[in-house]
Structures are given as structure tokens and as C-alpha cells.
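Me: Please take a close look at one single part of this model for me, and explain it step by step as you would to a first-year student.
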Amino acid sequence: EQNNVFSFTCSIGEDSTKGKYNFNNYASNYQQAEVLVETLKEYNVKTVALFTDNSGMRHQFEVVKDYMKNHSDIEIVFEEFFNPGEKDYKAAIIKASTKNPDMYLYSGYNPSTYIFMKQLKEITGKNNNVTTIDMFFDMAVKDRDIIEGLWYVDSNLNGTKEFQDRLLKEKGLVSQSCTGNTAANLEIIVNAYENALVSEGETIPSNDAVRDWIFANVKDFDTVGGRVSVVREGLLDKKPSIKKMINREPVVVEE
């Protein structure tokens, strides 16, 4: 912002959109909350325990809580905030388990997700009542047996299937979290520079012209990361989906 340089990122939370030339390619917190809460309602979940990383995820789950309060009768019976990289959830799990929640909502950077799932099973005898936003996909493939069959909100960060297949075939690379969104960011900024208005006497468009083109044209914009629309400030928003982990891979749940 200080140097009027464009920033395109894929970041949890929406703080990274602040500033005239800053854009964040990620599903909006509201869309994530809507998909999560509506799915909890479909599974007849009435009570939940929240375990929330005290980072950008905290704001993400504040939106979830607000949506839950205004659009459901789901009750939050326990809530715990923890620092990134937490490795010991045992005391909090014991407290939460006395409330007998129908579902645990977890957010935390890996490998913390795996540690939480393991300790929950050790203490309560089960861990098939856990869901999250994106963190199951971020788990190392070798550790995903512990989340087999579980559903979660997936913000579709690894790109379309066509993109993933092409990336693997041509470059030998497996798409990971934010790979698709990062490639989509590149598509957007290249299109903007190639098509934005160039002032007389100039050879490339100004930052303002590029920004104006993005806000005027990135509406249901087709990219390798899926269809993207620019919304408030510089949020490049796209709809998340519900996926289940099947044979260590995320599979879209049919509508």
C-alpha cells in the first residue's frame, strides 16, 4: 500500500483486502458460514463446541457464530481459543465433552488438526463428529485416514479438476491449498493489464486503470480456480462447497 504496488493473495480472513490495490482470492467468510451452518442443520445438529485458532480464523468463526445465531437454533455449548501450533487440547476436550456436543467445529493449522482429532478420539472414544472449513484438505495425505468419511466446507482452493490434471501432466506437480487461487490471481491481473485503458502517451495502463478494469469485469469470471467475482474492497469471492474425504481425497457431496 505504501508503494502503490498490487498485492494478490489467497488468505484466510479478509484483512488482506484492505488497501486500494490489495486483493484476496478466497471464499467470503459469509459464504463459508452459510454453507457450514446450513449443512449442520441438514444433519440435525443442535449443539456444537468451537475450537478456534486465535489468528485470521478467529474472525472467520466470528462470522460463523453470527450466522448461526441469526439463521439457526444451533447452540454453542463450549468455546476455546488457542494459539497457532497448539499441540495439547486434552484439558479443553475434557471440558467440552461434559457438554456432550453433537459436533465439534475445529479450525487450526496443520499438523494441529491431526493432533486434535487424535486426542479427541483418545478422550471421548470417537472423532467422527468433527467438521471444519478447509483444514481437512490442508492435512497431509498420509494423515488423512483419521478424517476418512468426514464432511467439511471446502473453499475450492486447489483449482478446477481440469487445471489439476493439466498441472500434474505438464509439470508433475500436485495442486495444493491455494494453488488454484494463485493461478487464478495471475489470470486476472494479466487480463487486466492486457485490457485496461491505456492513457495517451503511455505504454501500459495505470494502477487505477487496472483496478477499474478488475472491478468492472471480474463478475462470475471464469478462471482455473473456478468462477470468481470481485466484491467489497478487493475480495475475489467464489462459492465454497461441501466435500467428504474419501480414500484420502476430497470428493464433492452431490446436491
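Reply: Cys178 has a relative accessibility of 15%, and because buried means under 20%, this residue counts as buried. The model is a predicted one, and in it Cys178 is joined to Cys10 by a disulfide, with 2.0 Å between the two sulfur atoms. The partner, Cys10, has a relative accessibility of 16% and therefore counts as buried by that cut-off. When pairs of cysteine sulfur atoms within 2.5 Å are taken as disulfides, the count comes to one.

Where do Cys10 and Cys178 lie along the chain? Cys10 lies in the loop between β1 (7–9) and β2 (22–25), while Cys178 lies in the loop between α6 (161–171) and α7 (179–195), so the disulfide ties together parts that are 168 residues apart in sequence. The bond also has a handedness: the torsion about the S-S bond of Cys10 and Cys178 is about -65 degrees, and so the disulfide is left-handed.

To set this pair in its surroundings, it helps to turn to the whole protein chain, which has eight helices and twelve strands. Its radius of gyration is 20 Å, close to the 18 Å that the globule rule gives for 255 residues, so the chain is as compact as a globular protein of that length. Of those 255 residues, 47% are buried. Finally, among the contacts between residues at least 6 apart in sequence, 64% join residues at least 24 apart.

How values were computed
Residues numbered from 1 in each chain as written. Predicted model: local features only at pLDDT ≥ 70, side-chain atom pairs only at ≥ 80, totals over all residues. Heavy atoms only, no water. Helix = DSSP H or I, 4+ residues; strand = E, 2+ residues; numbered from the N terminus. Rg over C-alpha atoms; globule rule 2.2 N^0.38 Å. Buried < 20%, exposed > 50% of the residue type's maximum accessible area, 1.4 Å probe, protein only. Contact = heavy atoms within 4.5 Å.
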